[in-house]
Each structure stands twice: as structure tokens, then as C-alpha cells.
Amino acid sequence: MYRGALRKLNMSSNSYISQTVVCKRARSQRSMTFQPKMEPRYDFNRKWKRTLKEPCRTQACFKLLCYNVLAQDLLTEHIFLYEKIDQQFLRWHKRLMNLQQELMKLDADIMCLQEMQYDHLPILVQQLSVYSKKRLEYLFKKKTGYRTDGCAIIYDSSKLQLLKQQSVELYDQKLPLLDRANVAQLAKFKLKHAGKEFIVANTHLLFNPRRDDVRCAQLARLLKELCEFREDTATPIVIMGDFNSMPNSTPIELITKEPTDDTTPHFEAIDFGKFTASTYQNDWVTVDYMMRSKCPQLQVQSVYQLPTINSCANVGPIPNRFLGSDHYVLGAVFAFA
């Protein structure tokens, strides 16, 4: 139970929260039940687009989300980046309500989150569990060092069985290029009713726009760990996260280029629309990705298209009245053949 884990969690003991935490679904309490009051439609710039002609069997499909939710501690530390945004939209209570509304509306089987603050995660999972009536469980990996945020994978344990999981430190004091606090998560799941297995990888790479070399080193470390974790080369993989890299950058080229051996998976980026953006970094750009290993057994059935750059410019800075993060969420439905 997460309450027991949370009681042990003490910021003065940084070693504990640096470990991976696997928590069970919280029992609902009526006093804490969140009943969403849905705002008027705000996502008119976004829609689901089918990429397969034939719908899959329900039991052989799963919906995945990838979302940098903007840790409140990071927002506070870099408040100057949000000076044009009404302060009421930056308060955690308001952002939490908006994030919950969006995640509940999208109703995914697996949610891969970045910049998830450790002390905000249990209540988010509990509220989502209560509203969705799903048996939600989660994995969490805090960033190396003093940072309070990290990566989280929330999944519906009534539909998915967690077969194994691993946290990946992208920090290595022996290598100069791996001297940052970034982390990643690997998790192998099985669809309970269909018996199909697949791997999900979740990461958040270094932000510094000038350090593609560091991000390449981080990706190389992640791919090495992923190959060892995979075991069976036939197992499909979906890797996602905030890569802090432009589509034509060296890190994206590194992960999508065709490998020279059969043991390394060949990834292709999922297309979320043309002339779209996932966040604002001096301009509206795409730095968040979802990629699948090229294999015939796992296909993309539909995608939640990102807003166009023009739409983003018209909407203006985020977070706002309706959106709780400074990134747009990625979503896709995958189907086994």
C-alpha cells in the first residue's frame, strides 16, 4: 500500500527515494474522492486518428500515454519561464485538477510520466483509481541526487500483468558525458486475456539544447540496458519520453537508424501529425516522442494527434485554464496482430 511507503519516505533520507518504488492501488476514501467537473471542450485542436483500417480485438489492444507533467518544484525554481501565465494556473491544486481531468478523459491502460514529483504521485494515482474504478499500480524512479521528480509508469493491473521491471541510472561518475541526474524505466507487461507480451521504456533526457552529445550518451546507455532487459528479440518495445531533442537532431537519428546487428531493436517514431508541437522552447517545437520497435506483431491502431504549431500559438502559453502542464500529452493505441 502506498500509505506505508509514504510514511517511510523522508526527504532527509535521500537514498530511499532514489530507489524504485512499486506501489499497490490505494483503497478509496470517500472524503478524498475526486469527482471531475468537466470544463467545456478545450481540446478542439486535437483528435484521435485511426492508422489501421480494421479495428483490433479489444483484448489484444492497449492504450499508452506519454506526458511530461511539469514537477511543481521545477516550476517554482524556474518561475521566470512562466511570468506571462496567470499565477492561479500555476498553483499545484489547479494543475492537479487539470492533469486528472485530462488523464481520466484519455483513459489509458499505461501512463508514462516525466517530471513526476515523488510526493504528488500517490494522491494522483489514488484519485485516478477512484474515478476510473481501475486497479492502478505504479513504478517510480526518482532522478539521481537531490531532485524531487522523476519518471513514473502507472498501469491498470486488472488488464496488465507486470512481468519484470528495472530502473536505469543515466548517471555514471566514471564517464564525463554521463554526469547528469537523468533516469529511465523499463517494464515488461503481459496482456492478461490475450497473453501478449511487450516492453515499455520511459525516460527524460537532459534539457540543455547545446548538449546533443550528452543526450546521445544517455540514449546509448539506455539502449544497452534495454537490449539486456529484452532477452527475447521478438518482444515488441515501445520507448517514449521527453527526449529534449528536435526531430532532425543527432539523438533522434541515433535511436531511429537501422542497427548493424540483430540484437539491437530498430525503432521508428510514431507520427503525431505534420507541423505539430509538444511544448514551447523559445518556439513551439516537438521534443516528446513515442517510438515502437519495427515488428509485424505490434501495430499502431490510432494516435492522438498533437496540435499544430499555429494552433499552439493561438492557444498561447501553457499551463493555462484547462491544461496542467507545459507539454502536450502523447497518446496511441497499439494492437497485436
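User: Hi! I'm looking at Leu136. Which residue in E6 does Leu136 stand opposite?
Analyst: Hello! Leu136 stands opposite Asp156 in E6. One thing to keep in mind as we go is that this is a predicted model.

User: Thanks. How many bridges join E5 to E6, and which way do they run?
Analyst: There are 7 bridges between E5 and E6, and the two run antiparallel. They form a hairpin with 6 residues between them. In the turn you will find Gly145, which has a positive phi of about 90°.

User: Is E5 enclosed or out in the open?
Analyst: Strand E5 covers residues 136-142, and 7 of the 7 are buried, so the rest of the structure largely encloses it.

User: Which residues sit on each face of E5?
Analyst: On one side are Leu136, Tyr138, Phe140 and Lys142, and on the other are Glu137, Leu139 and Lys141. Both faces are covered, with all of these residues buried.

User: OK, new topic. How confident is the predictor overall?
Analyst: The protein chain averages a pLDDT of 88, and 86% of the residues score at least 70. Residues 1-40 are another matter, with a pLDDT below 50. That stretch still has 78 contacts in the model beyond near neighbours in sequence. Where pLDDT is low, though, the predicted coordinates should not be read in detail.

User: Good to know. What about the largest nonpolar core, how many residues does it have?
Analyst: It has 35 residues. Those with the most contacts inside it include Leu64, Phe189, Phe198 and Met290. Several strands give two or more residues to this core, among them E3 (61-68), E8 (183-191), E9 (197-204) and E16 (330-336).

User: Which element gives the most to that core?
Analyst: That would be E16, with 4 residues. A second, separate core has 25 residues, including Leu96, Tyr118, Leu121 and Ile154. As a general background idea, nonpolar side chains tend to be buried together in soluble globular proteins.

User: You mentioned Leu121. Which helix is Leu121 in, and is Leu121 buried or exposed?
Analyst: Leu121 is in H5, and Leu121 is buried. The helix as a whole is mostly covered, with 9 of its 12 residues buried. Pro122, Leu124 and Val125 are among the buried ones.

User: What span should H5 have, and how far apart are its ends?
Analyst: At 1.5 Å a residue, the 12 residues of H5 (121-132) should span 16 Å. The end C-alpha atoms are 16 Å apart, which agrees. Following H5 comes Lys133, whose phi is positive, near 65°.

User: Let's switch to sheets. What is the strand order in the open sheet of 6 strands?
Analyst: The order is E7-E8-E9-E10-E14-E11, with mixed pairing. Strands E7 (160-169) and E11 (267-269) stand at the edges, each with a single partner strand, so one side of each is left without a neighbour in the sheet. From one strand to the next, the twist averages 20°.

User: How do E7 and E8 pair?
Analyst: They pair in the antiparallel sense, over 9 bridges. Leu160, for instance, has Leu191 in E8 as its bridge partner.

User: Which helix lies across E7, E8, E9, E10 and E11?
Analyst: Helix H6 (residues 212-230) does, running at about 30° to E8. Just after H6, Glu231 takes a positive phi of about 70°.

User: Where is Trp92, and what does Trp92 touch?
Analyst: Trp92 is in helix H4 (residues 92-106). Leaving aside residues up to four places away in sequence, Trp92 touches Gln72, Leu99 and His120. At 17% relative accessibility, Trp92 counts as buried, because the cut-off is under 20%.

User: Last one! Where is the cis peptide bond that involves Pro319?
Analyst: The bond runs from Ile318 to Pro319, with omega near 5°. You will find Pro319 in the loop between helix H8 (309-315) and E16. Most peptide bonds are trans, and most residues other than glycine have a negative phi. On the phi side, have a look at Glu115 in strand E4 too. Glu115 has a positive phi of about 55° although it is not a glycine.

Notes:
Residues numbered from 1 in each chain as written. Predicted model: local features only at pLDDT ≥ 70, side-chain atom pairs only at ≥ 80, totals over all residues. Heavy atoms only, no water. Core = buried A, V, L, I, M, F, W, Y, C linked by side-chain atoms within 4.5 Å. Buried < 20%, exposed > 50% of the residue type's maximum accessible area, 1.4 Å probe, protein only. pLDDT = per-residue confidence, 0-100. Contact = heavy atoms within 4.5 Å. Pairing = 2+ DSSP bridges. Axes fitted to C-alpha atoms, helices over the stretch in contact; angles between N-to-C directions. Expected span 1.5 Å × (residues − 1).
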